[in-house]
Amino acid sequence: MDAAAWDAKYAATGAGLLWSATPNRFLVQEMEGLAPGRALDLACGEGRNAIWLAAQGWQATGIDFSATALARGRAAAAEHGLAVELLEADVVAYEPPLAAFDLVAVFYLHLPAAERTRVLAAAVRGLAPGGVLLVVGHDLLNLTEGVGGPQDPALLFMPEDVVREACDGLVVEKAERVTRPVETGQGTREAIDALVRARRPEA
Ligand SMILES: C[S@@+](CC[C@H](N)C(=O)[O-])C[C@H]1O[C@@H](n2cnc3c(N)ncnc32)[C@H](O)[C@@H]1O
């Protein structure tokens, strides 16, 4: 989907959010014990994760190409009195400041493999020594055994794809499938996500 299609998807929810106001559970889980620093959230959507990070003391920047999503994020950050930098850009072309971030988060960004690899390479270039790359998205297995998410296998990935594409020179701390409950019309089902957490070694 291009920026116009994503923007239309956000606009279609009217005054409501497309996603939740609360942060992703795996972000909260993985940040436990990590000292706040500078964080970059690529494809930040309505900013739920960047806003939560700012509330935890992180200096957070989010990038997305949907102006509607970003406007919602700015409004929510202002409502909470939080400073969050939300920038409109295509993450496939975006080049973060080199070695500047203690955390680069990429949550539920589903692109063809070549584009995903470019985004992840840029994400890694943005990592400061000791910085953490955290990638979470719908796992390929979710298509057949989970619920929700993109239905095109070419847009899905597995933890080992992220490790192969992006983690050369990083210390892989986690590369695993994780599940989360999703309420559906037929009751609660489990969605299957891929989660990779990798750290740039200290210089
Ligand atoms: C499923 S949403 C996830 C949003 C957010 N990461 C979250 O977890 O709440 C995917 C987001 O990726 C953004 N996106 C997709 N392709 C993009 C691109 N090439 N550049 C910037 N943003 C992109 C969309 O606008 C959308 O906000």
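In this predicted model, β6 is connected to β7 by a hairpin that passes through two residues. Strand β6 covers residues 171–184 and runs antiparallel to β7, with 13 bridges joining the two. Two of the facing pairs can be located by residue number. V182 in this hairpin stands opposite R189 in β7, and V172 stands opposite A198 in β7.

Strand β7, residues 187–199, also pairs with β5, residues 127–138. These two strands run antiparallel as well, and seven bridges join them. In this pairing, H138 stands opposite D193 of β7. As general background, strands of a sheet pair through backbone hydrogen bonds, either parallel or antiparallel.

The three strands belong to a wider arrangement. The sheet is open and has seven strands, in the order β3-β2-β1-β4-β5-β7-β6, and its pairing is mixed. Its edge strands are β3 (84–88) and β6, each of which pairs on one side only. On average, neighbouring strands in this sheet are turned by 15° against each other, with direction ignored. Another general point is useful when inspecting the side chains: in a regular strand they alternate between the two faces of the sheet.

Two loops contain residues with notable backbone angles. A43 lies in the loop between β1 (38–42) and α3 (48–55). Its phi is positive, about 65°, although A43 is not a glycine. Is A43 buried or exposed? A43 counts as buried because it has 23 C-beta neighbours inside 10 Å, and the cut-off for a buried residue is 20 or more.

Y108 occupies the loop between β4 (101–107) and α5 (113–125). Y108 is likewise a residue other than glycine with a positive phi, in this case near 55°. Its surroundings place it in another class: 16 other C-beta atoms lie within 10 Å, so Y108 is partly exposed. That class lies between the limit for buried residues, 20 or more, and the limit for exposed residues, 12 or fewer.

A43 also appears in the surroundings of the ligand. Which residues are the closest to the ligand? They are W6, A43, G45, F65 and F107, out of 18 residues that surround the ligand. A43 thus combines a place among these closest residues with a positive phi and a buried position. By class, the shell around the ligand consists of eleven nonpolar, four polar and three charged residues.

Note on methods:
Residues numbered from 1 in each chain as written. Predicted model: local features only at pLDDT ≥ 70, side-chain atom pairs only at ≥ 80, totals over all residues. Near = placed C-beta within 6 Å. Nonpolar A, V, L, I, M, F, W, Y, C, P; charged D, E, K, R; others polar. Pairing = 2+ DSSP bridges. Helix = DSSP H or I, 4+ residues; strand = E, 2+ residues; numbered from the N terminus. Axes fitted to C-alpha atoms, helices over the stretch in contact; angles between N-to-C directions.
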